[in-house]
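Here are my notes on the model you sent, written as numbered points so that each can be checked with the structure open. Please read them beside the picture.

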Amino acid sequence: MSELRFRVEPRLIASRRLTIAVTIGSALLALPIIAVVFLAYGVDPLLAFEKILYGAFGNPYSISETVTKSIPLMLCALGLSLAFETVFYNIGAEGQLLMGAIFGTWVALKFPGWPAYLLLPTMFVSGLVGGALWGTVPTLLRVGFETNEVITTLMMNYIATRVLEYLVYGPWKGEETWGFPYTSRFSASATLPTLGSTRIHYPTLLVALAAAVLMYVLLSRTKLGFEIRIVGKNPEAAKYLGISIWKVVFFVVMVSAGLAGIAGVGEVAGIQHRLRVGISPGYGYTAIIVAWLGRLHPISTVLVAVLFGGLLVGGEMIQISLGLPFGTIQIFNGIFLLAILSGDFLLRYRVVLSEEVKGGEMRR
Amino acid sequence: MLVVEMKGITKRFPPLTLAIDGVNFSADRGEIHCLLGENGAGKTTLMNILYGIYSADEGEILFDGRHISIRSPRDAIDLGIGMVHQHFLQVQQNTVAENVALGLRCENSFFPLREVRRLISEVSTRYGLGVDPDARIWQLSAGEQQRVEIVKALCRETRVLILDEPTSILTPLEVEALFRALRQMVSEGRTIIFITHKLDEVMALSNRVSVLRKGRLMGTLKTSSTTKGELARMMVGKEVLFHLEKQEGVPGEVVLEVEALTARDDRGLEALRGVSFKVREREVLGIAGIAGNGQKELVEVLTGLRESSSGTARLMGEDITNKPARSIAEKGVAHIPEERVRRGLVPEMSVADNLILRSYGSPPYSGGFFLDKDAITRNAEALITKYGIMTPSPTSPGKLLSGGNIQKLILARELSGDPRLVIAVHPTYGLDVGATEQIRGLILGQRSRGAAVLLVSEDLDEVLALSDRIAVIFEGQLVGIVDSARAEDYKIGLMMAGEAVGE
């Protein structure tokens, strides 16, 4: 007696081509599920997709907006991909971004008279330090008490939000803001230049692109990157080799959180020109999906960040034109992430149809 | 009357070699049948096949004389086969009764716990197991948790009960109680299959004993007509497979000197209890012993992976006790680790990268910050040729290599700095004949070169073939150190089993 059965076997190696195919395939498979959400709102899914696409990439203005929104996503996601690569699940990019914004703002408000070439770099460095400090707390907790960093980094986000609220409602509240929870407007030298009439604050974009290249070089060509890869891929081997795992993880979290902090400076100095509540529509969270969809590779992460920048812009478009709530786009992101993570199954296992010979009857 | 019959069972775990090789095994109604063998001999694997956790690649299983196919533990349980593993799967927060109720076929769908509680009390009293159905699992000692597992199996009307090294977690008193309960179970017609590597237990408990060695059945004997000595010999083997050319060498200076070294295991128990020995240049010191007698802790202390609680280790006179792993490696200690894939390799990284895991930080592979890709590739190509590592290319990930080639890669890396001391742990475990021969040749090559070699192995053949002197370790202490030329294998086998042997 024999029968055909599906069997799942571990897959030793997933080729780059397969990885790309599965990633894109999973993302495409998410679309019909998202379509159901639109149908539930009584909106034609095809029309909605078209509007999103047009809203994101349909004309020069929308493209410039897409690029603008992709800047913080890029910075956060690059940092996260490095942390995830080292198996430190930093969910705290959002809080680290806010802390970066706060630290950058402090410099901007304290030294408004400095010339731009001095003030802006100082703001960026200060933001990097702020983000990194915010990342230090969960790292120390994990080193010292083996606390799960998923929980602690997430909790730190809420604290950062409240700290920001306290500052803009309280001590940092501007004088000419008619009671709104804003700081005063930054001086001209604390404001980032933009590309033509767009909102693309290109210095931050350049920092992000440079970070991507540097990270690629770091991982593939340097001693430190070699250690990061060992710690990430096999911590047991790292111990056996005598590599200090915590030194490596600490460095990685500092870079990861620091890049999110820089993103925060970009938002206040490039877009808002002041610190206020709601400077980030969840960039730090969306960046988690971006990093994962980019397969934790710096270069593909940059591309995916632009795609998700587009999704944010297109999402705003359908809010306006189709009257859908803002949450729709978050549902999108969630469904995308689920699809990608499920697709990973096919990278780790292969499903084969095989014939199985049965020995005999079963006694029941 | 045979209850269980396993015929020609073969199981492969690629890329390692055969785990079980054409084994015939049977158990009678009302007998206690011991399955004896060293760690890695395949005892647990064979029983996991009977219990449906693995499926055999070849062979057939008969139960009550009928051909059956066991695809999962569910099938096994339905047949009346129960197994108590070394590690229990229990819900810590729940009560004993709730744990037993899981997976139990029960008449009452509603409020079944009352019935389960009654059943547990009944079984527990009958066999003197003393299990309280209302205790929560986390409150119980390891021994009590084991009795819960036994009760669980008995509540399922188990006819064949498999126990995997049950005494390893028990106190001597608990062992006595367990043996009494088992004897009563067989007097009622149940069958017990008892996995162990302890000769005393075999002699005290079993009706018959089957000895496994490297996945092969060495024989099935009546316990009453055999001796510990015979079993020890079957268990560790005595055939000399290899004729290695071992050059005569005069040992030189002392390279490693260990004095009264003690260390605790992961559970905080004293696992290494005052071990002292010396290893010289051009000398192989073999540490023979059954796994879990302190070898792991000894090696980890010597390589800087575990803190010792007292005692010293000196390398060329320099104190290396509790020094960091990297600094010990840099002083010229090569470590061929026991768990070669888990520790010795980064499976996702390329063969070339894996070959410089020790030396990536220094020239020619790196000058300060950047890595020199060309130097890394050249090194890989040279070592692949020199050691005959079979790999599609230097850039292929390490995980694509077979077990033997992974081991060659590790040796190539560890030996490339011409170490003073080579610590090799189970260096040929699970490898095929060809790779085994090559690895052993490489180790002897280090000896000829002038290195000191500390060889830790459970394989007595290997220890005898390679060592100049053999130290036998048992329960964290050296039972004795003997000259391998005058060593008798069965005596060492007995010493490994904790028997004091008079000279």
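Which residue stands opposite Val333(B) in β19(B)? Point 1 gives the answer, after a word on the sheet to which the strand belongs.

1. Please keep in mind throughout that this is a predicted model. In chain B, six strands form an open sheet with mixed pairing, and their order is β16-β19-β20-β13-β21-β22. The edges are taken by β16 (333–336) and β22 (477–483) of chain B, each of which has a single partner strand, so one side of each is left without a neighbour in the sheet. Direction ignored, neighbouring strands of this sheet are turned against each other by 15 degrees on average. The edge strand β16(B) runs parallel to β19 (residues 421–425) of chain B, and four bridges join the two. Within this pair, the residue that stands opposite Val333(B) is Leu421(B).

2. A helix also belongs in the description of this sheet, since helix α16 (residues 489–496) of chain B packs on it and touches β13 (283–288), β21 (469–474) and β22 of chain B. The direction of α16(B) makes about 30 degrees with that of β21(B).

3. Another strand pair in chain B deserves a look, namely β6 (residues 81–84) and β7 (residues 160–164), which run parallel and are joined by four bridges. As a general reminder, strands of a sheet pair through backbone hydrogen bonds, either parallel or antiparallel. From β6(B), Ile81(B) and Met83(B) point one way, while Gly82(B) and Val84(B) point the other way, and all of them are buried. The bridge partner of Val84(B) in β7(B) is Leu163(B).

4. Turning to chain A, its secondary structure comes to 13 helices and two strands. A compact globule of 364 residues would have a radius of gyration near 21 Å, and the 23 Å of chain A agrees with this. The C-alpha trace of chain A spans about 85 × 60 × 40 Å along its principal axes, and 44% of its residues count as buried. Of the contacts in chain A between residues at least 6 apart in sequence, 79% join residues that are at least 24 apart.

5. How do two helices of chain A, α7 (residues 202–221) and α12 (residues 298–322), cross, and within what distance do their axes come? Their axes come within 8 Å and cross at roughly 155 degrees; because angles over 145 degrees count as roughly antiparallel, α7(A) and α12(A) are roughly antiparallel to each other. On the side of α7(A) the contact is made by Leu209(A), Ala212(A), Met215(A) and Tyr216(A), and on the side of α12(A) by Pro298(A), Ile299(A) and Val302(A). By class, this contact has seven nonpolar residues, with no polar and no charged ones.

6. Met74(A), in helix α3 (residues 60–85) of chain A, is a useful residue to inspect. Is Met74(A) buried or exposed? Met74(A) has 34 other C-beta atoms within 10 Å, and because 20 or more count as buried, Met74(A) is buried. Leaving aside residues up to four places away in sequence, Met74(A) touches Ala208(A), Val302(A) and Ala305(A). Gly144(A), by contrast, is 70 residues from Met74(A) in sequence and 31 Å from it in space, C-alpha to C-alpha.

7. Finally, the two chains meet, with 22 residues of chain A in contact with 34 residues of chain B. On the side of chain A that touches chain B, the elements that give two or more residues are α8 (223–233) and α9 (235–241) of chain A. The residues on that side divide into eight nonpolar, five polar and nine charged.

Note on methods
Residues are numbered from 1 along each chain as its sequence is written. Chains are lettered from A and ligands numbered from 1 in the order in which they are written. This is a predicted model: local features need pLDDT of at least 70, side-chain atom pairs count only at pLDDT 80 or more; totals for chains, interfaces and linings use all residues. Two residues are in contact if their C-beta atoms, placed from the backbone, lie within 7 Å. Ala, Val, Leu, Ile, Met, Phe, Trp, Tyr, Cys and Pro count as nonpolar, Asp, Glu, Lys and Arg as charged, and the others, Gly among them, as polar. The radius of gyration is taken over C-alpha atoms; the globule rule is 2.2 Å times the number of residues to the power 0.38. A residue is buried if 20 or more other C-beta atoms lie within 10 Å of its own, exposed if 12 or fewer, and partly exposed in between; C-beta atoms are placed from the backbone. Axes are lines fitted to C-alpha atoms, for helices over the stretch in contact, and angles run from 0 to 180 degrees between N-to-C directions. Angles under 35 degrees count as roughly parallel, over 145 as roughly antiparallel, 65 to 115 as roughly perpendicular and the rest as oblique. Two strands pair if DSSP finds at least two bridges between them.
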